[in-house]
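Biologist: Please take a close look at the site of the bound ligand in this model. I should like a connected account of its surroundings.

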Amino acid sequence: MKELKIAIQKSGRLSEHSRRLLEECGIKFSNGAGVLKTTSTNFPVEILFLRDDDIPQYVEQGVADAGLVGENMVEEKGRDIKVVEKLGFARCRLSLAIPREEEFTGPDWFEGRKIATSYPSILSAYLKKNNIKAEIEEISGSVEIAPGIGLADAVCDIVSSGSTLLTNGLKEVITILKSQAVLVSNRNISEKKTRTLEKLLFRIRAVKNAKENKYILLNAPEKSVEKISEILPGMKSPTILPLMEKGWVSLHSVVREDDFWERIDMLKEAGAEGILVIPIEKMIK
Ligand code: PRP
Ligand code: ZN
């Protein structure tokens, strides 16, 4: 098999975003309902649609060469696979939650209680580390319902928006692990597949960089250019174009999304006018 087999979640929190990421990397594939395996028409990958819980195992065994999966699953399954890159989406946390009406007294609250979870390995490590003796009730889904039906006293499950906890009358009391989607790979893939994986990684980084940055254009008096350039580190240094109006220039650069608003304020103070901020589609560093 020459194509790189890449596993993504069939349906769930990660699936939509995983498909989109591959599409944004320019990889075309058919995406019909019920399709479990498809080959891209323009990139040497075969995409397998699997349960996210199974992805670490399949990647370790080489059934898939690579996969997009949550760090939570990688950690829980403890498989010998390589985490190639953090992807910055599907951010969530693995938390302990208890019925809303309970008074939380600290980690001791869990002593002697029963906790329902799909993460027995991470949970038992946490309990052990904190010297708490509690019973773990392993279930594979709909964990949040467990206290409501008398199956357990508490849950240890993934929280993203928190709405599942809320609708089930639970409150989050301890965060055990923070997670996001990652690209993982098998440790022994062929040279050819390694090259494909590197190509894919290059594209993933370009998409990620683009999302983390914005293109910025502004007008400024010539005398402020130096000061403004310091505020805008950009990719290398800003592009400066003369304006028709004497003594004025147009400055083009790139700003990071995370400190974007602070930079805008600084730019205004330094004399910038007519600031335009534009999304970037791909960014190759
Ligand atoms: C998790 C968890 C909750 C939901 C929480 O499911 O089990 O059902 O997400 O999200 P919320 O805080 O936004 O309501 P996940 O997709 O991780 O599990 P699955 O793969 O077993 O379906
Ligand atoms: Zn799952």
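**The site of ligand 1**

Modeller: In this predicted model, the side chain of Asp157 places an N or O atom 2.7 Å from an oxygen atom of ligand 1. Gly162 also approaches through its backbone, where an N or O atom lies 2.7 Å from an oxygen atom of the ligand. Ser163 contributes a polar side-chain atom at 3.3 Å from a ligand oxygen. Taken alone, ligand 1 exposes 520 Å², and the protein buries 74% of that area. The ligand sits in the largest pocket.

Two elements give two or more residues to the surrounding shell, namely β9 (154-159) and α5 (163-167). The largest share is that of β9, with 3 residues. The complete set of residues around the ligand is as follows: Gln9, Arg13, Asp52, Glu144, Asp157, Ile158, Val159, Ser160, Ser161, Gly162, Ser163 and Thr164. By character, the shell divides into 6 polar, 4 charged and 2 nonpolar residues.

The site may also be placed within the domain arrangement. The protein is divided into three parts: domain 1 (4-89 + 180-189), domain 2 (92-179) and domain 3 (213-279). Because domain 1 and domain 2 both give residues to the shell, ligand 1 lies between them. As for domain 3, its C-alpha centre lies 49 Å from that of domain 2.

In summary, ligand 1 occupies the largest pocket and lies between domain 1 and domain 2, with polar atoms of Asp157, Gly162 and Ser163 at the distances stated above.

Terms used: Residues numbered from 1 in each chain as written. Chains lettered and ligands numbered in written order. Predicted model: local features only at pLDDT ≥ 70, side-chain atom pairs only at ≥ 80, totals over all residues. Heavy atoms only, no water. Near = heavy atom within 4 Å. Polar contact = N/O pair within 3.5 Å; in protein donor to acceptor, adjacent residues only side chain to side chain. Areas by Shrake-Rupley, 256 points an atom, 1.4 Å probe, with all protein chains shown as cover. 1 Å grid on protein atoms, 1.4 Å probe; cavity = no way out; pocket = protein on both sides within 12 Å on 5 of 7 lines; lining within 4 Å. Sits in = over half its atoms within 2 Å of the grid points. Helix = DSSP H or I, 4+ residues; strand = E, 2+ residues; numbered from the N terminus. Nonpolar A, V, L, I, M, F, W, Y, C, P; charged D, E, K, R; others polar. Domains from an automatic or database assignment.
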